[in-house]
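Below are some notes for a colleague who is about to look through this model. They are set out as numbered points, beginning with one buried position and moving on to the sheets and helices.

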Amino acid sequence: MGARFPPKHKFFKPQKIIVVSQGDFWSLYLSKFCRCAPCSAKSLTLLVLVMPAILLKAKPVTDALDSSLVEKIKQFQKKKKRVPTLATVLVGEDPASQIYVGSKGKKCLELGLGHQDYKLSAKTSEKELLSLLKKLNGDKKIDGILVQKPLPKNISEWAVLDNLSFSKDVDGFTSTNFGLLAQNRDCLVPCTPAGIMALLKFYKIDVAGKKALVIGRSDIVGKPIGLLLLHANATVTYAHSRTTSMSDEVANADIIVSAIGKSAFLNSKFSFKKNAVIIDVGINRDSAGKVCGDADTESLISKVAAITPVPGGIGPMTIAMLMQNTVKAAYLREEMDYE
Ligand code: GUN
């Protein structure tokens, strides 16, 4: 119906205003009767103004986290006469990995952390990589080591993790850190899941008692974010490529974490709870080559309460958590109190 707001109709008179609240978020519905000649034929003019979902942007969160981290870096430097230092190791020339590692190095520089950048040829053998790890494990001036995934097929990711000192494992991928996480004990928590929890905390989205759906079961994101949500008292469901009840799971969830790497996987064909919060971990390219997540944000913006943007959402949160883990690893190794 071609309603205008404010209407220019002669005898326009609003009859009723209804405000409907949507949990922490809200929508405003205005319904009005118009009795002017053109409209009286139709008898009812209905205006509906729906607040779009809140965009859970990373920038205010990372700004807050970074400024307190800079203080910690200064304290460390004052006491130890050196800066916490991250070593990144990239094997091969995968273009996406080159960009990710580049962003991590840039962020170290921005915050005043040390960064050592190891770029190895795609022909590097497993033995050569393990011997570099041995050297970095033993280097007192290196606090964190990150070996960028994926690795060339000739190198076992398990061999790499099993030869990485868990106290320098700033990805939180070693079996020691993963085991500690499963036991809800202090550890270096994987960066993307830690970033998701920090973002939820910043935006005051309480997960206790909520139904959380994790789509994807990777060791990097899916499994650990499920554990963190469980420890925060959410009721957690994992969905994956063999799940047959995806529509029902999505329709029942209060919080949806999607980490499957499929553009527009979450779209308006699904039904959502009106207070649903979507955490989009996907970093994909759409048919036009534009970076996008797993959710078709445009089509969901009026269907859910909040959604993380891509880019500008979980990606920068992951890097912020890597910086935090590097500083935490430095403090722990030097037996300083981190919290
Ligand atoms: N590849 C994609 N994501 C990650 C990550 O968080 N850490 C590492 N090391 N490799 C990755």
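1. Once neighbours within four places in sequence are set aside, the contacts of Val61 in this predicted model are Ala198, Leu199, Phe202 and Met317. Val61 belongs to helix α2, which covers residues 59-80, and it counts as buried because 21 C-beta neighbours lie inside 10 Å, where 20 or more are required. A further long-range relation concerns Gly313, which is 252 residues from Val61 in sequence, although their C-alpha atoms are 9.8 Å apart in space.

2. Strand β5 is mostly covered, with six of its seven residues buried. Seven bridges hold β5 and β6 in a parallel pairing, in which Thr85 has Gly114 of β6 as its bridge partner. The path from β5 to β6 leads through α3, and the resulting β-α-β crossover is right-handed. β5 also pairs in the parallel sense with β7 (residues 144-147), here over four bridges, and Leu86 is found opposite Gly144 of β7.

3. How well does the length of helix α3 agree with the span expected at 1.5 Å a residue? The 17 residues of α3 (residues 95-111) should span 24 Å, and the end C-alpha atoms lie 25 Å apart, which agrees. The buried residues in α3 are Tyr100, Lys104, Lys107 and Cys108. Viewed down the helix axis, the buried residues of α3 fall within an arc of 105 degrees, and they therefore line one face of the helix. Their cover includes β5 (85-91), β6 (114-120) and α11 (314-333), whereas the face turned away from the buried side carries the exposed residues Pro95, Ile99, Lys106, Leu109 and Glu110. Just after α3 comes Gly112, with a positive phi of about 90 degrees.

4. An open sheet is formed by six strands with parallel pairing, in the order β4-β14-β11-β10-β8-β9. Its edges are β4 (54-55) and β9 (235-239), and because each has a single partner strand, one side of each is left without a neighbour in the sheet. In general, strands of a sheet pair through backbone hydrogen bonds, in either a parallel or an antiparallel sense.

5. At the β9 edge, strand β8 (residues 211-215) runs parallel to β9 and is joined to it by five bridges, with Lys211 standing opposite Thr235 of β9. Across β8, β9 and β10 (255-258) lies helix α8 (residues 222-231), which runs at about 165 degrees to β9.

Technical notes. Residues are numbered from 1 along each chain as its sequence is written. This is a predicted model: local features need pLDDT of at least 70, side-chain atom pairs count only at pLDDT 80 or more; totals for chains, interfaces and linings use all residues. Helices (H or I, at least four residues) and strands (E, at least two) are DSSP runs, numbered from the N terminus. The expected span of a helix is 1.5 Å times one less than its number of residues. A residue is buried if 20 or more other C-beta atoms lie within 10 Å of its own, exposed if 12 or fewer, and partly exposed in between; C-beta atoms are placed from the backbone. The arc is that of the directions from the helix axis to the C-beta atoms. Two residues are in contact if their C-beta atoms, placed from the backbone, lie within 7 Å. Two strands pair if DSSP finds at least two bridges between them. Axes are lines fitted to C-alpha atoms, for helices over the stretch in contact, and angles run from 0 to 180 degrees between N-to-C directions. A crossover is right-handed if, with the strands pointing away from the viewer, the path from the first strand over the helix to the second runs clockwise.
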